[in-house]
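I wanted to go through this model with the sequence beside me and note down what I looked up, one topic at a time.

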Amino acid sequence: MVAYITCKARLHRSAFLLPVTFSTPIIFAILVFPESCKWVLSRNRMANHFEDCTIGESNQGWDIVREIIAIVCLILAQTFSSGWKFCSTEYLQHLSEEQIFRIPAYNSVFLDQWLLLNGQNKEDDSKDHMDPKTTAKRSKIYICTTMYREADHEMEQFIRSVLKIKKAHRLSNRNIEVHIFFDDAVRGNSLNDFAVQLVTQVENILNCTDKSPFKQLSTPYGICLGWEFNTNGSNVSLPFKIHLKDALKVKAKKRWSQVMYMAYVLKYLLKKKREDPEQPSTSRGSSDPEQPSTSRGSIQTTSSSETRSLMPEQPTIDCGATDRRPVVDPETESYLLVTDADVTFTPDSVEYLLDLVMRDANLGAACARIHPQGSGPLYWYQIFEYAIGHWLQKAAEQILGTVLCAPGCFSIYRCKAVGDVLAKYDTNVEDAFDFLIKDMGEDRWFCTLMIQEGWFIEYCAASKVQTHCPQQFAEFLKQRRRWLASTVANVWLLIKDWDKVTKKNHRVSFMFRFYQFALLLANLIGPSSTILLVAGGLRYGLDWSTVPTIIVQVIVSFGFGTVCLLSSQKTQVKVARILIFLYAVVMTPTIVGMAAQITMDFINSPEAETNLISQDIRISTSTLFLSFVLGTVLLTGIMHTNEFLCLFHGILYMLCLPAGFLILPIYSLCNITDKSWGTRELETHTDTTVSLLDSIKNVLSTCSCYPCKNGKTVKDEENDLELSPTVGNLNEDESTFRKEIHSVQRQSSGEINGDIDSDAEDETGQEIKDWMQCDVQTDMSDVYEKFVRNGYDKMKFISGMTKRDIKDIGITSTIMIRLLEKIIKELPDASSTISPEIPENTTSWLRTIGLTRYKDNFDRIGRNVEVLQNLRPEELNVTKKGHVKWLMKAMKKIRYPNDHEKAQLKTKKILREKAFEKEHEEDEFWKTTIESMNLRPNTFDHHSKKMLADNLVELRHGWILVFTVSNLLWLIMITTLAYKGELLNVFGTNVIGLVVLIILVFLLFVQFIAMLIHRCSTLIHHVGRASYKCNGKKHLAFAFNERDMSETQPKSPVRTGEVSQGIDNNARSQLIENNSSDDVNLA
């Protein structure tokens, strides 16, 4: 073990070779001299065996000289034989045991000689070594990011992280590409404000010049903007692409963006690199994903009779080859570095992750230590929460088996592993359970699929990144609602299919299974345990009776659950905020009371509890348990010296303990039917291309006051008017748009989400008639006429209408007013498309906002900014209410733009003037992929959405039943045993409570031991990457700086159970040359 650790930390010369080489000669030398020999024998209680010393007192100088010559010869022989070979080998840091030693065993008779001869070295196994520089050049890293509505400063920190990669790229010729997939960023040819904001950041931060012009491509999914950054004469450029998705052409949401970039990398970019006509194709033995193969991520080598590998004998091709340098499947040495759009990372963060995935071919993914960013109490709470989750939970998962989730915030995936699960990952939601595992936590489900396919995941504490965390209470609640439901669903999915998983994945053991099941059980009874904890603390702190306190908390919990089931999201959030505040107040005396009780127990105070473990151990079991928990957390913090200050935020975490283990589970369980994402959401809106008539009919299809064409009605009008968010938003990824959308068939530059071309004709924008789909025969014709008559004839004029506005245009039906108000609120705010600027003239300004018919009105008024900004509606001489409101909104935007707005206006102008190009090969790929991978938005199927909504409600009811019964039984049982179960007491407490405490202590102890092991591994990782000479090489597996790369490394590991194939020398050389070059122009 010591030999393995020293070599793994790259201390093989100083801490392994020297001790092993000189241990035997030094022992011989000690036994040569009488005094030292006697001292050794006496220390071992062998004073009667002095005559066994090699040289006795009667021996003369010649005997001593002879012994010294023998020792010197032994040292020289051992040094210049196996020692020299071992010394000349440059081991990379963090290698696995099979990469360091031939046989994972030792011979106790000749231990030092065995260790030296057993170590792999470049002289004996030169054909099994390969140049890490060649491996690094051959490797491909694709940085893939999903974006939606990130703030300007969030985008900036991500682009600056890319800038660091760009600068590091100057020191090497690494194959790195950056791809950003931006959700719902474009309509037709018009970018929304968030997309323009991103392009502006890219142009400014990455110093885009005429030497790195961008291309604007029209694609089947929207628009693609591409740059090629050539860094200081490097022959490998850094492609940077922004893929702007149109929600009318491809499905929205993060999971489908992930499917797109995974398919793009695996099925297009990697395939294009292999098929590039300028790169000679590989001959036999090469890995072609289009051909059937028995290997998965295998390293393919030729074989010879001299092979001393422990792997099973591999089939070979007799081609007379003598060179066995590994030839690797490109997907095995290609990696997806997936990130969020608000993450801050460095080249070191990337290198640390690549150290892990390049070491072990069975490793499907690796994740980093994530630090939250933000400010305020919620941020402070999450600092400790993130710390404990990484310190104990992820470390325990890795040591016991495999990490269950490599978050999309910042993780690296092996392309081969991605290819194994992509076919399942792009499937549609079919039932309620599918909805929870696929759409509520896509990253966790993706990792679950990898584990089921035999891959495992590791956590790298040395790789550190920062990401913005929710700072608004509602956003925090909704995010954790998704995470909690997804975690429970995915863990249950693994436990349910554990036998199948165990057969495929050797890292999944019984101990790991028991650990996950125990955690799931602890989470199930977490709310009732929290209630008991608070009740016990109040008894210690305020001498409150336990039973009434428990009853009050149970009533409060049921009341909050009822509020979550029956009220709106805003009401739920308000009530949750109040309860969390009250619980924080209650937890103050609770914590003080428990601290006082622990102190009294340890000092044997007469006021201490009487339920002691025994008369000899005068401490209660609860005191012992709490002391163990606090001591474990404190020691864990000490083991993380750089993050020790996170423990101070644990005080706030303890005050908010009921929030995380009582309020949040209830909120999450009652809202599993909620489809909303929770973070970075503006006001919810539907797409304007879904007609108003369809929207109203879908809402009223079961309402008795509105006759549908099929004649069906429902009794409860109010329930349908207040449809839950599930019905309105459910399965949006699957079916929210019509197959034949009118705005897709025509030029969409005037749509509500797009910018309006300044050269467009008057009255630009989507017609309200298209939205209502009205003609003389339809039921909506009267409503349509009232809208048009009052100036609401364009979609942009309708957005922002209030209930009063709807009444003012002459609509009197209460039900129709409420329906229109609900639907219009879901439309995006069109006023955001009006640019803040001083117009050159009145005509161009009116043309921009689509109301040139009022040119004469404004010619009389003039174009003085102050006058225009202070105009009252009646002074416009405009009679149509919709036009008046739109003009007033536009006039408020007349001002001098700030620097940020000027930059965005400049970007918009550049984008308008830039001509669109086409890449036919890529277009064909996307057309095929969109159709074959469920990326096409489906028809608006209200029936399917309603069925799924009903299934989710049934699932929620079932989970609520199990959750409620389990916690009530646990409360009743523990409370009853505490008062009436004296005969069943063991060690001063009831037997059931003692068993649960033992399980919890066991889980925490396992986590603590796993943390210690993982900290040692992290220390070895840091030490192995260190340079022991001033400005010396680091001998890394992967580095952006070429000089930190070693010349040789032991042979790469082979994916478990895989078959290697032999190829001839020419084919091997061609493949290495092909993979190490980069001739693909991605701009």
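The entries below go from the sheet and its strands to salt bridges, single residues and the surface.

**Entry 1: the sheet**

I was working with a predicted model throughout. I began with the strand order and found an open sheet of 11 strands that runs β11-β14-β12-β13-β10-β1-β2-β7-β6-β5-β15, with mixed pairing. I then looked at the edges, where β11 (343-344) and β15 each have a single partner strand, so that one side of each is left without a neighbour in the sheet.

**Entry 2: strand β2 and its neighbours**

I next asked how many of the residues of strand β2 are buried. Eight of the eight residues, 175-182, are buried, so the strand is largely enclosed by the rest of the structure. I sorted them by direction: N175, E177, H179 and F181 point one way, while I176, V178, I180 and F182 point the other way, and all are buried. I set this beside the general pattern that side chains in a regular strand alternate between the two faces of the sheet.

On one side I found strand β1 (residues 140-147), which runs parallel to β2 and is joined to it by eight bridges; T145 stands opposite I180 there. I traced the connection as well, and β1, helix α8 (residues 152-169) and β2 make a right-handed β-α-β unit. The pairing of β2 with strand β7 (residues 238-245) is also parallel, over five bridges, and F182 has L244 in β7 as its bridge partner.

Just past this strand I stopped at D184, which lies in the loop between β2 and β3 (186-187). I noted a positive phi of about 50° for D184, although it is not a glycine, and with a relative accessibility of 14% D184 counts as buried.

**Entry 3: other strand pairs**

I then followed strand β5 (residues 215-219), which is joined to strand β6 (residues 222-229) by five bridges in the antiparallel sense. The hairpin between β5 and β6 passes through two residues, and S218 has I223 in β6 as its bridge partner. I also found β5 joined to strand β15 (residues 916-917) by two bridges, this time running parallel, with E917 in β15 as the bridge partner of L217. Elsewhere in the sheet, strand β10 (residues 334-340) and strand β13 (residues 410-414) pair antiparallel over five bridges, and V338 is partnered by S411 in β13.

**Entry 4: salt bridges**

I noted that the structure holds 25 salt bridges, and I looked up some of them. In one, the side chains of E331 and K416 meet at 3.9 Å, N to O. This pair links distant parts of the chain, with E331 in the loop between β9 (327-328) and β10 and K416 in helix α13 (residues 415-425), 85 residues apart. I checked whether these two partners are buried or exposed: E331 is buried at a relative accessible area of 9%, and K416 is buried at 12%.

A salt bridge also joins E453 to K424, with the closest N and O atoms 3.4 Å apart. E453 lies in the loop between α15 (442-452) and β14 and K424 in helix α13, so the pair ties together parts that are 29 residues apart in sequence. Here I found E453 buried, at 13%, whereas K424 is partly exposed, at 42%.

For E924 and K927, the closest N and O atoms are 4.0 Å apart, and both residues lie in helix α39, three residues apart, about one turn of the helix. I recorded E924 as partly exposed at 47% and K927 as partly exposed at 44%. I also noted a network in which salt bridges that share partners join K254, D340, E442 and D443.

**Entry 5: a second loop residue and the surface**

I found N934 in the loop between α39 (920-932) and α40 (942-980), with a positive phi of about 60° although it is not a glycine. N934 counts as partly exposed, at 31% relative accessibility.

Last, I asked which residues form a nonpolar patch on the surface. They are I399, F1005, I1009 and I1013, with about 320 Å² of accessible area together. Helix α41 (residues 991-1025) gives the most to the patch, with three residues. I looked up I1009 in this helix and found it partly exposed, with a relative accessible area of 34%.

Note on methods:
Residues are numbered from 1 along each chain as its sequence is written. This is a predicted model: local features need pLDDT of at least 70, side-chain atom pairs count only at pLDDT 80 or more; totals for chains, interfaces and linings use all residues. Side-chain values use heavy atoms; hydrogens and water are left out. Patches are made of residues with over 30% relative accessible area and no salt bridge: like charges are joined within 9 Å, nonpolar side chains (Val, Leu, Ile, Met, Phe, Trp, Tyr) within 5 Å. Accessible areas come from the Shrake-Rupley method with a 1.4 Å probe; for residues, only the protein chains shown count as cover. Helices (H or I, at least four residues) and strands (E, at least two) are DSSP runs, numbered from the N terminus. Buried means under 20% relative accessible area, exposed over 50%, partly exposed in between (1.4 Å probe, protein chains only). Two strands pair if DSSP finds at least two bridges between them. A crossover is right-handed if, with the strands pointing away from the viewer, the path from the first strand over the helix to the second runs clockwise.
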